[in-house]
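Here are a few notes to go with your first look at this one. Have the viewer open as you read, and take the points in order.

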There are 2 protein chains.
Amino acid sequence: MDPPESDEGLDFPLVELFFFAYRDFIADADDALEQYGFGRAHHRVLHFVNRRPGMVVAELLEILRITKQSLGPVLRQLIDSGHLVQIAGPEDRRQRLLYPTQKGRNLSIELTHMQTRRIKGAIELLKNKDRESIADFLFGMIEPEERDLVKGLMDKQR
Amino acid sequence: MDPPESDEGLDFPLVELFFFAYRDFIADADDALEQYGFGRAHHRVLHFVNRRPGMVVAELLEILRITKQSLGPVLRQLIDSGHLVQIAGPEDRRQRLLYPTQKGRNLSIELTHMQTRRIKGAIELLKNKDRESIADFLFGMIEPEERDLVKGLMDKQR
DNA sequence: AAAATATGTCAACCGTCCTGACCTAAATTT
DNA sequence: AAATTTAGGTCAGGACGGTTGACATATTTT
């Protein structure tokens with residue numbers, strides 16, 4: 001007979017709220033993406049390239065924590081559809097600098113409007129409407145070793 | 001030429017923080033799950049059955065928003081491995097009431113400890129350590145039409 | 001008795017990943 | 001200059017976690 005583990009101190013409701021919240025958050029863009037034959041992987045790639053134009057493939061792989069093989073088809077599709085362009089690096093011609101086109105920027109912005117609407121709506125429900133606390137909480141949810149990378153992502157906006 | 005969409009009012013940092021936070025949150029359990037040959041789908045099933053012992057299959061499908069075909073193999077594996085049991089309903093013998101075994105409860109609790117640790121750690125970083133605001137925010141992130149279902153999930157704990 | 005329902009299964013397919021291997025062009029090191 | 005390393009690309013096979021449609025059985029409801 002397995003001795004029971006103690007469930008003392010567990011925050012089941014918060015765990016579940018996080019699951020449900022994220023599910024709805026990411027689902028926002030699905031219909032829009034589908035119009036282009038895209039999925040969530042495309043959304044992520046487009047988002048981060050738009051946020052950091054000129055980034056190289058390796059940076060994208062690091063941010064997204066995926067392999068180049070996973071990235072390959074998605075990136076190809078975004079380029080072929082005219083949402084992204086890639087340019088050989090001026091200093092290192094092996095690199096591929098990634099940029100959104102206007103079309104790509106527009107799509108990324110459109111999708112982010114949906115997500116922001118949801119987030120802001122949720123913040124409006126708070127008594128103190130404290131966006132900073134939410135940002136701090138979410139930042140605190142990130143693995144400590146990864147916080148610098150994430151912070152760098154946000155600070156070094158180009 | 002596509003006219004530029006306005007990116008005014010977009011909260012890129014919060015969008016990204018949410019993505020990174022959730023990624024780390026769900027990754028916590030991966031190694032533990034893998035020991036049993038399980039994945040995230042198993043975790044979800046186990047979690048909700050543990051939270052609502054005696055639930056029927058249809059309820060689980062509704063909560064998880066997946067099809068019975070998706071659920072089938074996962075549920076089978078959890079039953080075969082001794083983490084869940086299913087019992088024909090006393091009032092409606094077509095139904096299958098799902099219960100965790102002690103083994104299943106223990107695993108669910110173990111995994112939830114990991115997730116709670118992360119959540120509480122993040123809340124500790126807040127100046128006001130306000131768990132309720134976080135819960136309210138996450139609740140507000142959920143689609144309004146789904147809030148009653150989620151609330152019911154949390155209130156009617158058995 | 002007929003119709004509806006809860007669940008289970010088969011089958012084919014999809015999106016999003018992974019691993020291993022191999023290749024070319026370019027940069028760096030020897 | 002040659003050897004080695006590196007950035008990115010491709011091929012291939014497979015896993016995870018889903019979807020849709022169809023069909024079946026046992027049970028409940030009409």
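1. Start with A:Lys129, which sits in the loop between H6 and H7 of chain A. This is a predicted model, so treat the backbone angle here as a computed value: phi of A:Lys129 is near 45°. That is a positive value, and the residue is not a glycine.

2. Is A:Lys129 buried or exposed? It counts as exposed, because A:Lys129 has 12 C-beta neighbours inside 10 Å, and the cut-off for exposed is 12 or fewer.

3. Now hop over to chain B. B:Lys129 lies in the loop between helix H6 (102-124) and helix H7 (131-141) of chain B. Phi of B:Lys129 is near 45°, again a positive value in a residue other than glycine. With 12 C-beta neighbours inside 10 Å, B:Lys129 counts as exposed.

4. Next, the contact between the two protein chains. How many residues does it take from each chain? Chain A puts in 54 residues, and chain B puts in 54 residues. On the chain A side, the elements that give two or more residues are helix H1 (12-27), helix H6 (102-124), helix H7 (131-141) and helix H8 (144-155). H6(A) gives the most, with 16 residues.

5. What is that side of chain A made of, class by class? Where chain A touches chain B, you'll find 29 nonpolar residues, along with ten polar and 15 charged ones.

6. Then have a look at DNA strand D. There are 21 residues around this strand, and the ones that come nearest are A:Val56, A:Ala58, B:Gly39, B:Ala41 and B:Thr67. So that you can find the surface in the viewer, here are the elements that supply at least two residues each: helix H4 (57-64) and helix H5 (68-80) of chain A, plus helix H3 (40-51) and helix H5 (68-80) of chain B. H5(A) gives the most to this surface, with four residues.

7. As for the make-up of the surface near DNA strand D, it has five nonpolar, eight polar and eight charged residues.

8. Last, the confidence scores. Chain A averages a pLDDT of 95, and 98% of the residues score at least 70. For the complex, the predictor gives an ipTM of 0.95 and a pTM of 0.95.

Note on methods: Residues are numbered from 1 along each chain as its sequence is written. Chains are lettered from A and ligands numbered from 1 in the order in which they are written. This is a predicted model: local features need pLDDT of at least 70, side-chain atom pairs count only at pLDDT 80 or more; totals for chains, interfaces and linings use all residues. Two residues are in contact if their C-beta atoms, placed from the backbone, lie within 7 Å. Ala, Val, Leu, Ile, Met, Phe, Trp, Tyr, Cys and Pro count as nonpolar, Asp, Glu, Lys and Arg as charged, and the others, Gly among them, as polar. A residue is buried if 20 or more other C-beta atoms lie within 10 Å of its own, exposed if 12 or fewer, and partly exposed in between; C-beta atoms are placed from the backbone. A residue is near a molecule or strand if its C-beta atom, placed from the backbone, lies within 6 Å of it. pLDDT is the predictor's confidence in each residue, from 0 to 100.
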